[in-house]
Amino acid sequence: MAKYARSLELRINHSSQAASSTTTNSNLVVSGDSVSPESSTKISSESGLVSGSSDKEDSEGEQLMENFKTLSIGPQQRHFGRSSTYMFLYGSMEINGKVKSRMPLEYDLKPELWATDIWKWVPEPEEPHYTFPDDDLLWDLIKIYFEQISPYSFPLLHKPTFERAVTSGHHLNDPNFGATVLAVCALASRHSDDPRNYINAMDYEQLLGWKWFRQIRLVRPSFVDTVSLYELQLYCLAFSYLSSTTIADALWPLIGLGIRFSQERGVHRAKPGPRTPENELWVRAFWCLIGLDIIQGITFGRPPATTPNDFDVDQPAECDDEYWECSSGEQFIQPPGKPSMLSFGVHYNKLLQIAGSIQRTIYAVKRPDSNQFACKHPHEQSNIEWNQRQVIKHDSALNQWLDSLPEHLRWDPHRVNPVFFSQTVILHHTFYFVQMTLHKKFMRMSFPSLAVCANAARCTVNISQAHHQRGLHPLPWTLMTLPHAASVLLVALWRSKHSTGSGSAASRKELADLQRCFALLISYEKRHQAAGRIV
């Protein structure tokens, strides 16, 4: 901190000597023990303490943080928010060339405090030596990933960029990108019949892809360096692969770590200016982590790693990969009248935001409106009244989301386009999953909630069966929602037997739906361990 303050003083002295009247073209980069000017970005004369309306404060504060990113404390750039002491100090100094005094700067840095990088005493870990698939198999797996997996997942990788990097051999030189490529190969192996994807010829099909995935080191041995884009992408891909295995529980800390890394790089904040391909990949990775965090939190009944109050980054662009860069020089222009496959990801994120709100209200340890520092008001709502209002509010949000879907993402069992059909399966699966999550807490005390959950579970099974009958590959998200539907159907069956008897028409209907659900899971267990373990 002291070193940083001194560097700012030195910067002010330098500005005064340059006698700049408005702005300066030099930025400070504090790295190690050096202070050097750069001319990459201009620092506005308004980068001091801000005042006025809240909108002005927000815009100036965001610009201040962008300017502050040119200051690197330590070996790499890191993000510092408004409450940090660094930002307070930086915003308080007038770095605009209008310096009223020229104080001589004489100070002595103690080498034991500033010149010794303690972390360098730790031996650097050896770089991994990866074994990649043969070239023909590698490109087959990449094709499978972008045709059969990517369209039905959170938007993450950009196909042209990824393929260019593999073609140039970047995966052979960058271990982080190499791990990302291996994760793609592991996921695609589940949709491939090539025997080279097995470790041994006699392996079970559930082990497909483990030959590639087992080489990956998911957690780095040191956190000194800031995260790379490839690491965030790896965490998302690892979730997709491991979620249907016997070690899915290990993913809980991994997604939280990815969100922490994203915040350290400032990925969670909106960026000024137009979209760029590089920044769009960071945005995709961040939203993927946010969605997976919500899914995990609901599945395990645990609080999220972050909330919408903590980020303001834009949603990924609703623009297909091939239109990121046009021959005319324009970027991110989807042709008019052509539905984007990326609309699925945007609406998926919006639906999960509703699910996250349910998680933070209905299932919160403490009511969000409670104030631990205030006395209880005599007219404060009871828990029953408060829960009723929350259920009504979120039911309304779900209905609004359903009405907002574009035509190509509305449920139609006869939809011809297989990509849009599978995307509608996932979206409506998730819709009913969120609906069940909202109401299942009140199933034992409210008949309407029981009816809503039972209907949502039946719809989930019907949608899955319609998808399965087309002979399409199983969608990973259905392997998570089907067990949820099965548990609701089991409760409905028990309630039906208790109230009307085991031979009633209602009980027979619940049992038939449950058997259909189990039959679907059994059909998926051949290559997905989690499906068979549930049955």
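Buried means under 20% relative accessible area, and that cut-off is handy for Tyr524, which is buried because its relative accessible area is just 4%. The legends below all refer to a predicted model.

**View 1. The whole chain, before zooming in.** The protein chain has 19 helices and 2 strands. Of its 535 residues, 47% count as buried. If you take the contacts with a separation of 6 or more, 71% of them join residues 24 or more positions apart. The accessible surface adds up to about 27300 Å², and carbon and sulfur atoms own 54% of that.

**View 2. Helix α18 with Tyr524 and Ala512.** Tyr524 sits in helix α18, and so does Ala512, with the helix covering residues 505-524. Buried or partly exposed: what does each one count as? Tyr524 is buried, at 4%, whereas Ala512 has 36% relative accessibility and counts as partly exposed. Each one also has a partner elsewhere along the chain to look for. For Tyr524, try Leu475: the two are 49 residues apart along the chain, and their C-alpha atoms are separated by 9.6 Å. For Ala512, try Leu489, which is 23 residues away in sequence and 9.9 Å away in space, C-alpha to C-alpha.

**View 3. Ser422 in helix α15.** Ser422 belongs to helix α15, residues 418-439. Its relative accessible area is 3%, so the residue is buried. Which residues does Ser422 touch, leaving out those up to four places away in sequence? They are Tyr152, His467, Leu472 and Leu475. Leu475 has turned up before, as the residue whose C-alpha atom is separated from that of Tyr524 by 9.6 Å.

**View 4. Met480 in helix α17.** Look for Met480 in helix α17, which runs over residues 478-500. With 25% relative accessibility, Met480 counts as partly exposed. Skipping residues up to four places away in sequence, Met480 touches Ile295 and Thr299. Phe433 is another residue to pick out here: 47 residues separate Phe433 and Met480 along the chain, and their C-alpha atoms are separated by 9.3 Å.

**View 5. Helices α6 and α8.** Two packed helices are described by the angle between their axes and the distance between the axes. Here the pair is α6 (residues 159-167) and α8 (residues 175-189), whose axes come within 12 Å and cross at roughly 115°. Angles of 65 to 115 degrees count as roughly perpendicular, and α6 and α8 are therefore put in that class. The crossing of α6 past α8 is left-handed. On the α6 side the contact is made by Phe162, Ala165 and Val166, and on the α8 side by Phe177, Thr180, Val181 and Val184. Sorted by class, that gives 6 nonpolar residues, 1 polar residue and no charged ones.

**View 6. Helices α8 and α10.** Now follow α8 over to α10 (residues 229-242), where the packing angle is about 20° and the axes are 9 Å apart. Angles under 35 degrees count as roughly parallel, so α8 and α10 are roughly parallel to each other. As α8 passes α10, the crossing is left-handed. From α8 the contact takes in Asn176, Phe177, Ala179, Thr180, Ala183, Val184, Ala186 and Leu187, and these meet Tyr230, Glu231, Gln233, Leu234, Leu237, Ser240 and Tyr241 of α10. By class there are 10 nonpolar, 4 polar and 1 charged residues in this contact.

**View 7. Helices α10 and α12.** At what angle do α10 and α12 pack? The angle is about 35°, with the axes 10 Å apart, and the crossing is left-handed. Leu229, Leu232, Gln233, Tyr235, Cys236 and Phe239 are the α10 residues, and across from them in α12 are Leu281, Trp282, Ala285, Cys288, Leu289, Leu292 and Gln296. The class tally for this contact is 11 nonpolar, 2 polar and no charged residues.

**View 8. Phe332 in a loop.** Phe332 lies in the loop between α12 (277-300) and α13 (343-361). Although in a loop, Phe332 is buried, with a relative accessible area of 13%. Check the backbone while you are here: most residues other than glycine have a negative phi. Phi of Phe332, though, is positive, near 60°.

Key
Residues numbered from 1 in each chain as written. Predicted model: local features only at pLDDT ≥ 70, side-chain atom pairs only at ≥ 80, totals over all residues. Heavy atoms only, no water. Helix = DSSP H or I, 4+ residues; strand = E, 2+ residues; numbered from the N terminus. Buried < 20%, exposed > 50% of the residue type's maximum accessible area, 1.4 Å probe, protein only. Axes fitted to C-alpha atoms, helices over the stretch in contact; angles between N-to-C directions. Parallel < 35°, antiparallel > 145°, perpendicular 65-115°, else oblique. Left-handed = near helix turned anticlockwise from the far one by under 90°. Contact = heavy atoms within 4.5 Å. Nonpolar A, V, L, I, M, F, W, Y, C, P; charged D, E, K, R; others polar. Areas by Shrake-Rupley, 256 points an atom, 1.4 Å probe, with all protein chains shown as cover.
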